[in-house]
Amino acid sequence: QAVLGSRSLRPPPIRRSSSRQQRFAAMGWGGGKGKGGGGYVWMPMFDAKGWGKGKGMSAKNFRPDKKVWIGGIAEGVTYKELHEHMKPSGAKWVEVFKGSGKGAGVACYATSEEATAAIAALNGSTVGGGNLQVDAWEKKAKEA
């Protein structure tokens with residue numbers, strides 16, 4: 001028998017699976033070697049956002065001095081169109097509000113200086129046929 005270093009060149013012994021393992025494999029449970037095995041991770045429904053890029057990102061993550069309020073957004077304008085319009089001024093995140101806030105939105109910037117410059121540069125500009133009103137973000141006072 002040839003020996004290479006401390007290993008022998010003999011093939012490993014063949015393991016025989018039990019009848020229980022065979023039954024599970026026949027039902028599609030286990031079996032290994034990529035034949036159905038499953039491998040799912042339990043994920044509670046309250047955390048169904050997954051593991052994708054940008055998890056949990058929203059305007060709430062930015063401080064008020066780095067946000068600008070946008071009014072006069074024409075109906076049908078998407079956040080993508082608004083973001084493309086705001087991007088040259090350095091916008092990192094844009095939202096278009098729906099429901100009671102319809103016609104308004106928010107743009108978020110990396111610094112408060114970028115936000116101030118965007119107010120001066122973009123106030124009165126046009127997107128989708130609507131003249132935008134861009135102003136400083138004011139945090140809504142909590143009602144008692």
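Helices here are DSSP runs of H or I with at least four residues, strands are E runs of at least two, and both are numbered from the N terminus.

**Entry 1, the chain.** I am working with a predicted model, and I began by reading off the order of its elements, which from the N terminus on run β-β-α-β-α-β-β-α-β-β-β. That gives the chain three helices and eight strands. I then looked up burial and found that 22% of the 144 residues of the chain count as buried. For contacts between residues at least 6 apart in sequence, I noted that 55% join residues at least 24 apart.

**Entry 2, helix α2.** I went next to α2, which spans residues 79-86, and found Leu 82, His 83 and Met 86 buried there. These residues lie on the same side of α2, because the arc they cover around the axis is only 100 degrees. An α-helix has 3.6 residues a turn, so residues three or four places apart point the same way. On the face of α2 turned away from the buried side I found Lys 80 and Glu 84, both exposed. The partners against which the buried residues of α2 pack are β3, β4 (91-96), β5 and α3 (112-122).

**Entry 3, helix α3.** I made the same search in α3, where Ala 115, Ala 118 and Leu 122 are the buried residues. Their arc around the axis is only 60 degrees, which means that they sit on the same side of α3. Glu 113, Thr 116, Ala 120 and Ala 121 are exposed on the other side of α3. The buried residues of α3 pack against β3, α2, β5 and β8 (133-136). Just after the helix, I noted that Gly 124 takes a positive phi of about 90 degrees.

**Entry 4, the core.** Which residues have the most contacts inside the largest nonpolar core? I list Val 68, Ile 70, Leu 82, Met 86, Ala 107, Tyr 109 and Leu 132, in a core of 16 residues. At least two residues of this core come from each of β3, α2, β4, β5 and α3, and α3 supplies the largest share, three residues. I followed Met 86 separately and, leaving aside residues up to four places away in sequence, found that Met 86 touches Val 68, Ile 70, Ala 91, Val 94, Ala 107, Tyr 109 and Leu 122.

**Entry 5, a loop contact.** I looked up Ala 74, which lies in the loop between β3 and α2. Ala 74 and Gly 128 are 54 residues apart in sequence, yet their C-alpha atoms are 6.1 Å apart in space. Not counting residues up to four places away in sequence, Ala 74 touches Val 127, Gly 128, Gly 129 and Gly 130.

**Entry 6, the pockets.** I turned last to open space, and found that the largest pocket holds about 490 Å³. It is lined by 19 residues, of which Lys 67, Phe 97, Val 106, Trp 137 and Lys 140 are the closest to its centre. The elements that give two or more residues to this lining are β3 (67-71) and β5 (104-109). By class, I recorded nine nonpolar, three polar and seven charged residues in the lining of the largest pocket. The second largest pocket has a volume of about 260 Å³, and the closest to its centre among its 13 lining residues are Val 77, Tyr 79, Val 96, Phe 97 and Lys 98. The lining of this second largest pocket divides into six nonpolar, three polar and four charged residues.

Conventions
Residues numbered from 1 in each chain as written. Predicted model: local features only at pLDDT ≥ 70, side-chain atom pairs only at ≥ 80, totals over all residues. Heavy atoms only, no water. 1 Å grid on protein atoms, 1.4 Å probe; cavity = no way out; pocket = protein on both sides within 12 Å on 5 of 7 lines; lining within 4 Å. Points joined across faces, edges and corners; volume = space filled by probe spheres on them. Nonpolar A, V, L, I, M, F, W, Y, C, P; charged D, E, K, R; others polar. Buried < 20%, exposed > 50% of the residue type's maximum accessible area, 1.4 Å probe, protein only. Arc of directions from axis to C-beta. Contact = heavy atoms within 4.5 Å. Core = buried A, V, L, I, M, F, W, Y, C linked by side-chain atoms within 4.5 Å.
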